[in-house]
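I opened the model today to look up helix geometry, packing and the core. My entries follow.

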Amino acid sequence: MSEAPFPTVVLVHGAFADASSWNGVIEALQRRGHVVVAPPNPLRGLTADSAYIAGVLGQIDGPVLLVGHSYGGAVITNAATTARNVVGLVYVAAFAPDEGELLGEVENGSTDSVLNTALLPRRYPTGPAGETATEFGIDPARLHEVFAADLSAEQAAVLGATQRPVAEAAFGEASGPPAWRNLPSWAVVATGDKAAGTDVVRSMAQRAAAEIVELDGSHVIMMSQPGPVADVIVTAIEAVGKPAGDLPAPRRPQAETAERAGGPSS
């Protein structure tokens with residue numbers, strides 16, 4: 001019997017970015033022989049974006065390891081619930097919301113994030129009759145501080161010029177049932193994350209019972225430290241690439257485990 005192939009790695013970028021934010025990670029994974037796909041994330045709203053990524057997943061033959069950065073974490077949390085070929089999740093400085101949560105409210109509760117102080121609202125057309133909606137970008141003068149403090153000023157200036165705005169709906173739509181309840185998960189927590197907020201990213205990863213690796217760096221840790229981020233992804237690849245009987249069992253969220261044990265939740 002031939003050995004089962006490793007899964008295709010699908011990398012989903014977050015808000016204010018595009019798929020090129022994964023370039024360093026892609027190069028590291030391809031050097032190790034892994035198949036990688038980095039589709040565009042439309043950034044038009046959690047429901048629409050999750051459906052789009054689920055559509056991409058449905059057109060990939062074989063198993064998929066799904067990786068999300070930042071807002072892309074919320075997208076994969078929802079997209080993987082309808083994609084039968086996803087075998088694991090990796091969150092990179094990413095949100096891992098539970099059912100009913102709104103990312104805007106979650107962000108407001110962070111003491112580490114200063115993102116909201118740097119956002120600039122814009123309008124974009126949504127219909128032929130002149131309808132519009134709100135989207136947000138990061139003030140380019142603040143992007144280095146808020147988003148990419150461990151990149152050079154020159155790199156941050158390029159990110160500020162090429163950033164993709166995200167629709168307000170991305171942070172105002174309730175998240176659905178989370179795929180991390182049924183799939184093994186891994187997480188990279190950036191200790192200097194001032195965008196998503198280190199505190200929020202860490203607490204969500206703990207709640208999802210993800211295997212956590214903390215790296216010193218900013219929100220764009222996959223750009224500043226692509227090698228260590230790729231190492232976490234490879235660890236996940238090797239785990240989910242094992243025969244089904246050897247796969248790590250989905251880990252119960254901490255609060256649920258405590259409740260079933262009769263103890264208090266934290």
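I started with helix H10, residues 226–240 (helices are DSSP runs of H or I, at least four residues, numbered from the N terminus). Its 15 residues should span 21 Å at 1.5 Å a residue, and its end C-alpha atoms are 21 Å apart, so the two agree. The expected span is 1.5 Å times one less than the number of residues.

I noted the basis. This is a predicted model: local features need pLDDT of at least 70, side-chain atom pairs count only at pLDDT 80 or more, and totals for chains, interfaces and linings use all residues. Residues are numbered from 1 along each chain as its sequence is written, and side-chain values use heavy atoms, with hydrogens and water left out.

Next I checked burial in H10 (buried means under 20% relative accessible area, 1.4 Å probe, protein chains only). The buried residues include Val229, Ile233, Ala236 and Val240. Across the protein, 50% of the 266 residues are buried.

Then I looked up the largest nonpolar core (buried Ala, Val, Leu, Ile, Met, Phe, Trp, Tyr and Cys joined through side-chain atoms within 4.5 Å). It has 83 residues, and Leu66, Leu89 and Ile233 touch the most other members. H10 gives this core its largest share, nine residues.

I followed Leu89 outward (contact means heavy atoms within 4.5 Å). Beyond its neighbours within four places in sequence, its contacts include Leu65, Leu66, Trp180 and Trp186.

Last, I took H2 (residues 46–57) against H3 (residues 71–79). They pack at about 65°, axes 8 Å apart. Axes are lines fitted to C-alpha atoms over the stretch in contact, and angles run from 0 to 180 degrees between N-to-C directions.

Terms used:
Helices (H or I, at least four residues) and strands (E, at least two) are DSSP runs, numbered from the N terminus.
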